[in-house]
Each structure stands twice: as structure tokens, then as C-alpha cells.
Amino acid sequence: MAEDSPKRRKANFNEAETEVLIEQVLKHEQLLFAAGPGRASPGQKRKVWELIRHKVNPVAACPRDVEDLKKRWRDLKRRDRSKLCRLSQGCGPPGPAAALGPLLAPEEMPPAAAGGG
């Protein structure tokens, strides 16, 4: 019956994919997530996500699409918010997305950030 299954689960994100994703999203954070009158159009955001996809796929275990990348980013943010909540014991509103860096495990840090400190 397993042979008849047309859809298989994709491989988990590896360390390199996660690093590139974090690095690229933080680099383009203003375009992707800014609110207010100066925010990017949906078309501009789509182009940025495609650019990120082109950066991630060369190091990917399997080809990733934009929706895979967005979901992984949401999962990383959610997990890091829960880490922040446990650390502060307050579970208040999360800090800015740039503050995610210190909450990431060392293997999830972008290469430039992993060495400093």
C-alpha cells in the first residue's frame, strides 16, 4: 500500500538550509514584514521569497518551495517565542524578530552570528 501513496513527506530542513533561511529572512526582514504605508507590495514580497528560495535550494536536502520556507520561518519564530516565554516566565509579547538570534541554538545561528559574542 505504501507504493500507491503518491505524496511522501519532504525531508526535514538540515542545518545549512536553516542557516541560509534565517540569514536571508533577517537580511530582507524590512521588506517582508514591515507594516504601515511604506510596506512592500505582495508582488515585491513574492519576489523576495523567490530570491530566498534560490539561495536555500542549492544547500537543500530536497527542493523547497516558497510555502515550505514560510512555514519553516513561522515554526522557528514560534519555537523561539516559546523559549523566550519560558526564560522570562512572563509569556508577554515577543521582542523584535532581530532578537531571535540569541534564542537560536548554536547550530541554527547564521555563520556570521555564530562566531561573535
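The following paragraphs describe the fold, core, largest pocket and confidence of a predicted model.

The protein is helical throughout its assigned elements: 5 helices and 0 strands are found, giving an order of α-α-α-α-α from the N terminus on. Of the 117 residues, 29% are buried. Among contacts with a separation of 6 or more, 63% join residues 24 or more positions apart.

A good place to begin looking inside is the largest nonpolar core, which comprises 14 residues. Leu21, Val25, Trp49, Ile52 and Leu69 have the most contacts within this core. At least two of its residues come from each of helix H1 (15-27), helix H3 and helix H4 (66-88). Leucine 21 offers a helpful view of this arrangement. Once neighbours within four places in sequence are set aside, leucine 21 is in contact with Trp49, Ile52 and Val56, and also with Leu69, Arg72, Trp73 and Leu76. Residues 42-56 form helix H3, and the list of partners of leucine 21 includes Trp49, Ile52 and Val56.

Phenylalanine 13 is worth a visit next. This residue lies in the segment before H1. With residues up to four places away in sequence not counted, phenylalanine 13 touches Thr18, Arg64, Asp68, Leu69 and Arg72. Its C-alpha atom is separated by 10.0 Å from that of valine 59, although the two residues are 46 residues apart along the chain. Leu69 and Arg72 are contacts of phenylalanine 13, and both are also listed for leucine 21.

Phenylalanine 13 also takes part in the lining of the largest pocket, whose volume is about 270 Å³. On the N-terminal side of the sequence, the lining is made by Arg9, Lys10, Ala11, Asn12 and Phe13; further along the chain, Arg64, Glu67, Asp68, Lys71, Arg72 and Asp75 contribute. Charged residues account for 8 members of this lining, alongside 2 nonpolar residues and 1 polar residue. Arg64, Asp68 and Arg72 not only line the pocket but also touch phenylalanine 13.

Confidence varies along the model, and the reader may like to keep this in mind while exploring. The average pLDDT is 79, and 68% of the residues score at least 70. Among the elements, helix H3 has the highest mean pLDDT, at 96, whereas helix H5 (residues 111-115) has the lowest, at 50. Over residues 95-99, pLDDT stays under 50, and the model has 4 contacts beyond four places in sequence for this stretch. Where pLDDT is low, predicted coordinates should not be read in detail.

Note on methods. Residues are numbered from 1 along each chain as its sequence is written. This is a predicted model: local features need pLDDT of at least 70, side-chain atom pairs count only at pLDDT 80 or more; totals for chains, interfaces and linings use all residues. Side-chain values use heavy atoms; hydrogens and water are left out. On a 1 Å grid over the protein atoms alone, a cavity is a set of points where a 1.4 Å probe fits but cannot get out, and a pocket is an open set with protein on both sides within 12 Å along at least five of seven lines; lining residues have an atom within 4 Å of a point. Grid points are joined across faces, edges and corners, and a volume is the space filled by probe spheres set on the points. Ala, Val, Leu, Ile, Met, Phe, Trp, Tyr, Cys and Pro count as nonpolar, Asp, Glu, Lys and Arg as charged, and the others, Gly among them, as polar. pLDDT is the predictor's confidence in each residue, from 0 to 100. Helices (H or I, at least four residues) and strands (E, at least two) are DSSP runs, numbered from the N terminus. Contact means heavy atoms within 4.5 Å. A nonpolar core is a set of buried Ala, Val, Leu, Ile, Met, Phe, Trp, Tyr and Cys residues joined through side-chain atoms within 4.5 Å. Buried means under 20% relative accessible area, exposed over 50%, partly exposed in between (1.4 Å probe, protein chains only).
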